[in-house]
Amino acid sequence: MEEKWNGKQIWREIKGRKNSWLILLLVGVLLVVIALPTSERKEEGTKEEGEERLALEGQWQEDSYEQQLETRLEQTLAKVRGVGKNSVMITLSSSAENVVEKDREMTSESIKERESTDTSKRSTSSETSVYTGGTGEETPYVSKQLSPKIEGVLVVAEGGDDPVVVENITEAVQALFGVDTHKIKVMKSN
């Protein structure tokens, strides 16, 4: 026996299918939203990691600048004939210096008196620091960082008793660091 479909039955059937498709679509969208990481979480993690990394890099740069110079000089001198095993000590006169960018405003004014031919000029200038950063945390804009000046160099080498080797080491240190001769000492290791 065949059933005859009337308008109400067809509408219920379509509506039932429509609701199930809608539910499946909403569940799919919900799963996609849960699976995607939020940008807020990424920014917080990145900001904390970035601050920690910058703090470590800053400390590393201050502590190891002389160590880097010493290591590189030791490795280079070890390749020179007659020097042999060596140890280097470098002293710095100061720490690194940051140069802060400044805005300079200059104004000049010329005044000419009616009765005389003299003109007087007056100029003023003012400086203000340039800051970076936004909400609440403003830091001065550093245009460049000056490396610390090398005060003295001590080289203890196996070939430190040979005058030719001592002269070669002294000239190499002068060429690399621009240090005066009297601030370079080369000694024989035991």
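Where is the place of K85? K85 sits in the loop between α2 (39-78) and β1. Before going further, note that this is a predicted model.

**The overall picture**

The protein has three helices and nine strands. Walking along from the N terminus, the order of elements is α-α-β-β-β-β-β-β-β-β-α-β. Of the 190 residues of the protein, 14% count as buried. The accessible surface comes to about 16,200 Å², and 52% of that belongs to carbon and sulfur atoms. As for how the chain comes together, take the contacts between residues at least 6 apart in sequence: 64% of them join residues at least 24 apart.

**K85 and N86, side by side in sequence**

Back to the loop. K85 counts as exposed, because its relative accessibility is 66% and the cut-off for exposed is over 50%. Setting aside neighbours within four places in sequence, K85 is in contact with V156, A157 and E158. There is also E74 to consider: K85 and E74 are 11 residues apart in sequence, and their C-alpha atoms are 8.3 Å apart in space.

N86 belongs to strand β1 (residues 86-92). Is N86 buried or exposed? N86 is buried, since its relative accessible area is 16% and buried means under 20%. Its side chain reaches two backbone oxygens: that of E74 at 3.4 Å and that of G84 at 3.3 Å. Leaving out residues up to four places away in sequence, N86 touches E74, L77, A78, V156 and A157. So V156 and A157 turn up in the contacts of N86 as well as in those of K85.

**Strands β1, β8 and β9**

Which strand pairs with β1 over seven bridges? That would be β8 (residues 150-157), and the pairing is antiparallel. One of the bridges puts L92 opposite I150 in β8. Strand β8 also pairs with β9 (residues 184-188): five bridges join the two, and they run parallel. Here L154 has K185 in β9 as its bridge partner.

**The salt bridge**

How many salt bridges does a search of the whole structure find? The search turns up one. In a salt bridge, the side chains of K183 and E151 meet at 3.4 Å, N to O. This pair links distant parts of the chain, with K183 in the loop between α3 (163-177) and β9, E151 in strand β8, and their positions 32 residues apart in sequence. K183 is partly exposed, with a relative accessible area of 28%, and E151 is likewise partly exposed at 34%.

**A patch on helix α1**

Now to a surface feature. A nonpolar surface patch of about 480 Å² is made by L22, L25, L26, V29 and V33. V33 lies in helix α1 (residues 7-35). Why does V33 count as exposed? Its relative accessible area is 54%, and anything over 50% counts as exposed, so V33 makes the cut.

**Accessibility at a glance**

Here are the residues with their accessibility values.

| Residue | Relative accessible area | Class |
|---|---|---|
| N86 | 16% | buried |
| K183 | 28% | partly exposed |
| E151 | 34% | partly exposed |
| V33 | 54% | exposed |
| K85 | 66% | exposed |

To pull the K85 and N86 thread together: K85, in the loop, is exposed, whereas N86, in strand β1, is buried.

Key
Residues numbered from 1 in each chain as written. Predicted model: local features only at pLDDT ≥ 70, side-chain atom pairs only at ≥ 80, totals over all residues. Heavy atoms only, no water. Helix = DSSP H or I, 4+ residues; strand = E, 2+ residues; numbered from the N terminus. Buried < 20%, exposed > 50% of the residue type's maximum accessible area, 1.4 Å probe, protein only. Polar contact = N/O pair within 3.5 Å; in protein donor to acceptor, adjacent residues only side chain to side chain. Contact = heavy atoms within 4.5 Å. Patch = residues over 30% accessible without salt bridge, like charges linked within 9 Å, V, L, I, M, F, W, Y side chains within 5 Å. Areas by Shrake-Rupley, 256 points an atom, 1.4 Å probe, with all protein chains shown as cover. Salt bridge = Lys/Arg side-chain N within 4 Å of Asp/Glu carboxyl O. Pairing = 2+ DSSP bridges.
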